[in-house]
Amino acid sequence: MRAQPAPFVAILPILMTIAMGWLDYISDWELSLFVFYAVPIMLAVWWVGSKVGMLTAIFCAAVWWVANQSNHPYETHLGYAWAMISRFVFFALVSFSTAIVRTRQEGDAARILMLEERRQLEHDIVAVSEHEQQRIGQDLHDGLCQQLAAIGCAQHLLAEDLQAQNNAASRDALLIEESIHQAVTQARDLARGIFPVHVDRSGLSVALTELAQMTSKLTGVSIAVTHEADENVTDPDVAMHLYRIAQEAVANAVRHGKAKQVTISLDRDGHILHLRIDDNGCGIQPLSSGRKEGMGLRTMRYRAQGMGAILHIEPRPGGGTTVSCRLNVSQSSTSKHHDPD
C-alpha cells in the first residue's frame, strides 16, 4: 500500500472511520466502540505517514463527537467535551506510537539493506580480486612462461652452435641458458601460486604441498604439510577459499611473524573439514592492544564466512600463531581420491 499514491491510500482510513462512526451512532452508549477508531489511525500512519495519521486522529475525534452527540450519558456539555478531548488524546497517542514503530521498522530495514549491500560489495571485491589473480596466473602460465621457454630453446641452439665452433663464448651461452631455465621455473611457480587449483587440477592437497615447497624455496622457512592422502575437496570454490586462507596465513607467518617453522594440516572428522596452520613466530597481538586488523585477515574472515566455516586466529600456546578453519561439508562436497589401477 505504501507504493500507491498517498491521496488514494488516505481515503481508506477515512472510509473506515465513517463506517465506525455509523456503527457507533446506531449502537447504544453502553457499547463503547471508541477503541476501534485506533485501527484507521494506525493504518493511516503505517501506509502514508505521521502527519496523515494525526489528521486521521482529529477526524476520528470529530466523528466520535457527532456519532455520540444524541446518545451519551453525560449531563453537561463540559463533561461530553472532556470525554471527546480524552478520546482525542488516546487517538493522538495511537498515532504517535504507530509512527515510532514505523520509524524503527524503516530504520531496521535500512540497516538490513546496508548490511546486505556491504556483504555484496565485499563479495564483489573478493570475486574481482580472485578473477584478477586467476587472469594474471593464466597469463603468466600461458604467456610469459611459454615465451621464456622458447627463448631458452633458442639459447640452447645458440650454445650448441658456439660449442661446435669451439667459441669461448659458449660457456657464457650455457650460463645464460641456465638463468633462463631458472626464470621459467620461478615464473611457473609464481603462476601456480596465483592460480593454483585451476592450473593444476590435482586438487587442494597437492596445491597446499606446492605452496609449501615454493614458499620454503623462496624464503628458506621450513614448511611441512600433513593431510589425509585419500581426501580431496571437489568443490572448486571451497578449494580456492581454503587455499587462499592457507596462503595468507603462511605469508603472515613468514612476513610478520618471522616464523622459522610452519605446519599446514588438512584433515576431516566426519562432516568437519579442518584446515590448520601453526607457526613458531612472534605471535599475533590481540585487537584490544590497539592493533588494527589488516586487509588480509579481514579477507580470510570473509572467505570463511562465505563458505559457512568457522575461523579462529589466536596465539599458539608454545609461541607463534594458530589459524584454524573448520567447515561442515556434506558427502557431495568432498570425495575420496583413488589412484587408477
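# Notebook: hairpins, rings and salt bridges

**Entry 1, a hairpin.** I began at Gly319, which takes a positive phi near 105 degrees in the hairpin of S5 and S6, where five residues lie between the strands. I noted that this is a predicted model, in which local features need pLDDT of at least 70 and side-chain atom pairs count only at pLDDT 80 or more, while totals for chains, interfaces and linings use all residues. Residues are numbered from 1 along each chain as its sequence is written, and side-chain values use heavy atoms, with hydrogens and water left out.

I then looked up the two strands themselves (strands are DSSP runs of E, at least two residues, and helices are runs of H or I, at least four, numbered from the N terminus). Strand S5 covers residues 310–315, strand S6 covers residues 321–328, and the two run antiparallel, joined by six bridges. Strands pair if DSSP finds at least two bridges between them. As an example I picked Leu311, whose bridge partner in S6 is Cys325.

**Entry 2, strand S3 and its partners.** Which strand pairs with S1 in the parallel sense? I found S3 (residues 261–269), which pairs with S1 (residues 222–227) over six bridges. In this pairing I saw Val225 standing opposite Ile264 in S3.

S3 also pairs with S4 (residues 272–279), in the antiparallel sense and over eight bridges. Here Thr263 has Asp278 in S4 as its bridge partner. The hairpin of S3 and S4 has two residues between the strands, and I noted Gly270 there with a positive phi near 70 degrees.

**Entry 3, salt bridges.** How many salt bridges are there? I counted three, taking a salt bridge as a side-chain nitrogen of Lys or Arg within 4 Å of a carboxyl oxygen of Asp or Glu.

I started with Asp278 again, since I had just met this residue in S4. Asp278 forms a salt bridge with Arg276, and the closest N and O atoms are 2.7 Å apart. Asp278 is buried at 14% relative accessibility, whereas Arg276 is partly exposed at 32%. (Buried means under 20% relative accessible area, exposed over 50%, and partly exposed in between, with a 1.4 Å probe and protein chains only.)

Next I went to helix H4, where Arg102 and Glu106 sit four residues apart, about one helical turn. Their side chains meet in a salt bridge at 2.8 Å, N to O. Arg102 is buried at 15% relative accessibility, while Glu106 is partly exposed at 35%.

Asp108 and Arg111 also belong to H4, three residues apart and again separated by about one helical turn. Their salt bridge has an N to O distance of 2.2 Å. I found Asp108 partly exposed at 32% and Arg111 partly exposed at 46%.

**Entry 4, aromatic rings.** I found six aromatic pairs in the structure. One of them is Tyr37 with Phe91: the ring centres are 5.7 Å apart and the planes stand at 45 degrees, so the pair is tilted. This pair links distant parts of the chain, with Tyr37 in the loop between helix H1 (6–26) and helix H2 (38–47), and Phe91 in H4, 54 residues apart. (Rings of Phe, Tyr and Trp, the last by its six-membered ring, pair if their centres lie within 6.5 Å; planes under 30 degrees apart are stacked, over 60 edge-to-face, and the rest tilted.)

Are these two residues buried or exposed? Tyr37 is buried at 0% relative accessibility, and Phe91 is buried at 0% too.

I also noted that Tyr37 and Phe91 form one aromatic cluster with Phe34 and Phe90. Over the face of Phe34 lies Arg87, 4.5 Å from the ring centre (the rule asks for NZ of Lys or CZ of Arg within 6 Å of the centre and within 35 degrees of the ring normal).

**Entry 5, helix H1.** Ile11, Leu12, Ile14, Leu15 and Ile18 make a nonpolar surface patch of about 410 Å². (Patch residues have over 30% relative accessible area and no salt bridge; like charges are joined within 9 Å, and nonpolar side chains, meaning Val, Leu, Ile, Met, Phe, Trp and Tyr, within 5 Å. Areas come from the Shrake-Rupley method with a 1.4 Å probe, and for residues only the protein chains shown count as cover.)

I checked Ile18, which is found in H1 and is partly exposed at 45%. Met20 has its place in H1 as well, but is buried at 16%. My last look-up was Met20 with Pro40: they are 20 residues apart in sequence and 9.4 Å apart in space, C-alpha to C-alpha.
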